[in-house]
Amino acid sequence: MDFAFSEQDEALRAEARSFFANEYPQDLIAKLAEGRPLEKADYLRSEQALSSKGWLAVEWPVEHGGTGWTPTQKYVFDEELELAGALNVTPFGLLYVGPVIYTFGSEAQQQRWLPDILAGRVLWAQGYSEPEAGSDLASLQCRAERVGDEYVVNGIKTWTSLGHHADWIFCLVRTDDSGRHQEGISFLCFPMDSPGIRVHPIIGIDGHHSLNTVEFRDVRVPVENRIGEEGKAWGYSKYLLANERTSYAHIGGKRVALQELRKLAGALAPGGLSLLDDPLFAARLAQVEIDFRALEVSVLRVLSSLAAGDAPGPESSALKILATENAQAITELYIEAAGHYGLSRGLPWDAPEWARSAVPDFARPAMTRYLSTRAESIYGGTNEIQRNVISKRVLGL
Amino acid sequence: MNLSLSEEQQLLQQTAQRFVEREFDLRKRLDLEPGHVGFERDHWQQYAKNGWLSITLPEEAGGADGSLVDAAVLIQELAKGLLVEPLIPSAILATGLLERFGSEAQDARYLRPMIDGTRIATLALLEPDSRYDLSRVSTSAQRTDGGFRISGHKSMVWHGPAADLLIVSARDADGITLFALDADSPGIERHDSLTIDGQRASEVRLSDVRAGADAVLGAQGDGELGLERMLDEAMVALGAEALGCMQALLAQTVDYVKSRKQFGQAIGSFQVVQHRLVDMFIACEQVQSLMIRAAIEVSAESPDASLAASALKVKAGQAGRFVGQQAVQLHGGMGMTGELPIGLYFKRLTAIDAQFGDSSHHLRRYGRLSR
């Protein structure tokens, strides 16, 4: 056993590091670091930069325009992206619907939708959750009624990230409610500017607008926009959720944050002592770092299994819980490090210099990140649901 | 021993409860323009009419003849409807300092108008590099003929935009001295901003502010002692506020899990959810116990006052974080929105932990005091 990456993996790491330092838009890195809200053009510009290098669809097989990378290579790339502070790719087109399209979609559907995703020209949104269907997704009620060559869609989807920016949406809709909840669900794709769609913003507890409720009233969708068979979409969606699981680790981002925290905490205060000299803070930071190390090795164990051609072991099912709880703990350390400026939202850019410069740079986004990161233990299946899954499938309880 | 509320305290609690029900519209509480002072002046006048702005003052000082215990009862109830008025900095902390150290002239000029609600005071104590240490003061007070010239930078001044009076700590030859300064004195600049809980705080710059000898609050060099006592009062007030927020979150989350259905049943029927709520309940009870202890000890100025006060702040910070996070978690996506009051209490609890020392700061203080 050893932890060494292969020569090819290290070569990719070096190439990626150079790309993010030289070719990737540096202003986007700065904007993200300052915690300023991102606009649609920012996402597109980031994805087009990756696309021009051929590195946007890292999860996709070569025949569909992807990189064909091994899981370890994807991991190395993701880590470098986050170490550089670049934008993570928007998952809805690239990680979620893309693989569904090339796995279950027709030839015509693949030619119609994949090139725009590959080129970073369009953004997609996901229409899964509904007000009454969260953890219990199969109870969804958004209805699609077949009328001739079209479906007429009525209902409400919510917690739609990027819904206000998206060009297209993929939705789970109910085409038949005569059977079990999991039956009679179909997978439809349609443009967000279709008549009958209204997008209502949801302002989050961090004060930012990133989520939406999307309302459908008699939205007409051609039957040819349905992926796979009518009523069989539950299976496709479960395939998609499996793709979601490994995307939570964000090892690179956590490594950067913990290194930055150590640096910030080590800076001497006027009294001559640093936060690292304080045993309480030093111990708390060490604790979170140890949890991070456990997470990192758990991810590497999954990669090692996959590289050997084996199915990942039970450690993979704990990743979502470990990764999200570690992310939340890191944000708490930032608030503590910010001290009395922890509750500041930062002063506006037009505030006078004497006032603005008093608030440490890292304190500005600290609280916003603390608040928004609370969502990590809720989305993608709450951590309570994840624990149910482990107790049933792994422990056999 | 008697740890129950007196008849007067029960009456106060009911009055505050009815006031919150009648007057506070949670959705509107924080829905004010960024340039707004942050609360309705009309509410402040009603506080004055109810005698709440002098709740800790003896009758001869124009007060309601109550104690810090009464103040805690009041604050805990008001917090259930979100306390956005400057009750704690002005009517508890600054009022306490003025009552203990104020001259007759300061009493007439500041305290009387504060009691009737026409003037508001706040504390300008922290600095960019002080973190939570009130004795780390680099603002300077230089002696001049008949007075002082004060210069420095004060940070995160709570309710700065509303304040007519600033109580400023500054270092001079004798140590730390407190000054009572009109907020519009020449040489004082203020930059206001919103804090994460939707309240207001200011950065304050003092450039050669001229203060007469009559601006000194108490004796010169005695500031640190006065601030220690004020800090203990702040712990009691903030502990009571945190407790009110936690109890509101617990009640609203219990209601929510009874009505929210997933997998064909109320999520409150799942054991993991039940146990979580039980832990939230236990956390509230712990804070309630430490709050009673601290309120009584600090009120009586007992030797254990600071220990009890820091114990309360530690637990209020930890339990407040736990209850806030779990209320959000159990509300799922709804907990992440600004549409429910859940987020407002959660953010206020988070802010309370970052005021007058977070739980780590008071854990250290407790350790130091108990050696």
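How many residue pairs are in polar contact across the interface of chain B and chain A? The rule finds 27 such pairs, both residues at pLDDT 80 or more, a polar contact being a pair of N or O atoms within 3.5 Å, where within protein one must be able to donate a hydrogen and the other to accept it, and residues adjacent in sequence count only if both atoms are side-chain atoms. This is a predicted model, in which local features need pLDDT of at least 70, side-chain atom pairs count only at pLDDT 80 or more, and totals for chains, interfaces and linings use all residues. Residues are numbered from 1 along each chain as its sequence is written, chains are lettered from A in the order in which they are written, and side-chain values use heavy atoms, with hydrogens and water left out.

**View 1. The interface of chain B and chain A.** Contact (heavy atoms within 4.5 Å) involves 52 residues of chain B and 46 residues of chain A.

**View 2. A salt bridge between the chains.** The side chains of A:Glu332 and B:Arg321 form a salt bridge at 2.9 Å, N to O, the term standing for a side-chain nitrogen of Lys or Arg within 4 Å of a carboxyl oxygen of Asp or Glu. Between chain B and chain A the count is four salt bridges.

**View 3. The surroundings of B:Arg190.** Leaving aside neighbours within four places in sequence, B:Arg190 is in contact with several residues, including A:Trp354 and B:Glu203. The side chain of B:Arg190 also makes a polar contact of 2.8 Å with that of B:Asp192. B:Arg190 and B:Lys154 lie 36 residues apart in sequence and 9.5 Å apart in space, C-alpha to C-alpha.
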